[in-house]
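Visitor: I have a structure in front of me, and I would like to learn how to read its features one at a time. Could you take me through them?

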Amino acid sequence: MTVSSGALANLSTVMRWGAWSLLLLGVLMSAAAHLRLSSQPPRTAPTPAQAAPASAEAVGPGGFAVLYVAAYVEAGRGTEASLARFFPNMRNISLEAKPGAQHADQLAAVQVKDVSDGYWSVTVAAHITASTSAQDDESDKDQAKGEDETGALRYFQVPLRSTDGDGFAATTLSAEVGAPEAGDGIELDYGTPVPGDDKDETVTTIARFFSAYLAGAGELDRYLAPRTALDPVSPAPYTQVEVAQLAELNGDYRRNLPASDGARRQLLVDLWAAAPDRQLRPLTYALTLTARDGRWEIAALNAAPVLTKEK
């Protein structure tokens, strides 16, 4: 097929005008887009969320006192500012001890007393050890080494008040005090405990349940009541479990009690659990059992035993 020179000229003209049209259209679209964006208000980056300071309800006076005592024990000359955030008046006090001469660990608030509205006295227990690096001569180092190996459990009393910012502030430096008096014995609402008897089917069920739960021996589900979900302790911390004694709620424990469908009983169970190193550890559990198909099953590991009601 032969194409004339006139046709080629016409085709060239059409292509040239088409290219100019496309170029002009692109310029117009770009200008329109620019005008549209210019008419909109400028976008600003969102302000990052600020972490709110812990409130008094979230931290609690006990937690604040623990942090304060930890800083107090380890503070020394030149580190007074580490205490000012707990005790504002620390800005007017200078310390003489070397920083880090002592170390506090295993801290816990063991007593919190209300002095008045928004004012507490907190007693903190802390295991204190000496640091050998803070001593000057060899004899002091030897002494500190012995203290560091054993340490001592000491108690510090901290007065705290609430602040306007939902926080706390110590009103003085810590005061070292003696150990709080031990409370009276707690009475539980269970009868006289009896030794575990292998001939008692309830004892056998409980022993096998705890062997599965604590020692990974056997299937746990076979000892659980319907709709009771428990996962075994993993990894298993013990190799063997034995029922030492049992007590029953509101009365003496009954051996080989018939398991009538729907019956329930609550027991306090003392165990001996053997660790892999053959050391025995005593454990106590409050259990709820239910009866089904002529056998007792574990319905719950209760959160706490039942206390004796005050008369």
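Guide: The turns that follow go from the whole chain to its sheets, a helix, a pocket and some backbone angles. Please keep in mind throughout that this is a predicted model.

Visitor: How many helices and strands does the chain hold, and what percentage of its residues is buried?

Guide: The chain has five helices and 10 strands, and of its 311 residues 32% are buried. The exposed surface of the chain comes to about 20600 Å², with 53% of that area supplied by carbon and sulfur atoms. If one takes the contacts between residues at least 6 apart in sequence, 58% of them join residues at least 24 apart.

Visitor: How should I read a sheet, and what is the order of the strands in the open sheet of five?

Guide: The general idea is that strands of a sheet pair through backbone hydrogen bonds, either parallel or antiparallel. In this structure the open sheet of five strands runs in the order β6-β7-β8-β9-β10, and the pairing is antiparallel. Its edge strands are β6 (194–195) and β10 (295–301), each of which pairs on one side only.

Visitor: Which residues stand opposite each other where β8, β9 and β10 pair?

Guide: Strands β8 and β9 are joined by 11 bridges and run antiparallel, and in this pairing Q266 stands opposite T288 of β9. The two strands form a hairpin with five residues between them, and R278 in the turn has a positive phi of about 75°. Strand β9 (residues 280–292) then pairs with β10 over six bridges, again in the antiparallel sense; L287 has L301 of β10 as its bridge partner, while T290 has E297. The hairpin of β9 and β10 has two residues between the strands, and there D293 takes a positive phi near 55°.

Visitor: What pairs with β3 elsewhere in the chain?

Guide: Strand β2 (residues 119–130) pairs with strand β3 (residues 152–162) over 10 bridges in the antiparallel sense, and I128 stands opposite A152 of β3. Strand β5 (residues 175–177) also pairs with β3 in the antiparallel sense, through three bridges, with Y155 opposite V177. Three bridges likewise join β3 to strand β4 (residues 168–170), the two running antiparallel, and here L160 stands opposite A170.

Visitor: Which strands does helix α5 lie across, and is F210 buried or exposed?

Guide: Helix α5 (residues 201–215) lies across β7 (240–248), β8 (264–274), β9 and β10, and runs at about 135° to β7. F210 is placed in this helix, and because its relative accessibility is 0%, F210 counts as buried. Leaving aside neighbours within four places in sequence, F210 is in contact with A215, V241, L271, Y285, L287 and L301. One of these, L271, is 61 residues from F210 along the chain, yet their C-alpha atoms are separated by 8.9 Å.

Visitor: How is empty space found, and what lines the largest pocket?

Guide: Rolling a probe the size of a water molecule over the atoms shows where empty space is left. The largest pocket in this model has a volume of about 280 Å³, and 15 residues line it, with E201, T205, R208, R295 and W296 lying nearest its centre. The elements that give two or more residues to this lining are α5 and β10, and the largest share, five residues, comes from α5.

Visitor: Which backbone values deserve a second look in the loop between α5 and β7, and in the loop between β7 and β8?

Guide: As background, most residues other than glycine have a negative phi, and most peptide bonds are trans. The peptide bond from S234 to P235 is cis, with omega near -5°, and P235 sits in the loop between α5 and β7. R227 is placed in the loop between α5 and β7 as well, and its phi is near 65°, a positive value in a residue other than glycine. With a relative accessible area of 85%, R227 is exposed. In the loop between β7 and β8 lies N256, which has a positive phi of about 50° although it is not a glycine. N256 is partly exposed, because its relative accessible area of 44% falls between the 20% and 50% cut-offs.

Conventions. Residues numbered from 1 in each chain as written. Predicted model: local features only at pLDDT ≥ 70, side-chain atom pairs only at ≥ 80, totals over all residues. Heavy atoms only, no water. Helix = DSSP H or I, 4+ residues; strand = E, 2+ residues; numbered from the N terminus. Buried < 20%, exposed > 50% of the residue type's maximum accessible area, 1.4 Å probe, protein only. Contact = heavy atoms within 4.5 Å. Areas by Shrake-Rupley, 256 points an atom, 1.4 Å probe, with all protein chains shown as cover. Pairing = 2+ DSSP bridges. Axes fitted to C-alpha atoms, helices over the stretch in contact; angles between N-to-C directions. 1 Å grid on protein atoms, 1.4 Å probe; cavity = no way out; pocket = protein on both sides within 12 Å on 5 of 7 lines; lining within 4 Å. Points joined across faces, edges and corners; volume = space filled by probe spheres on them.
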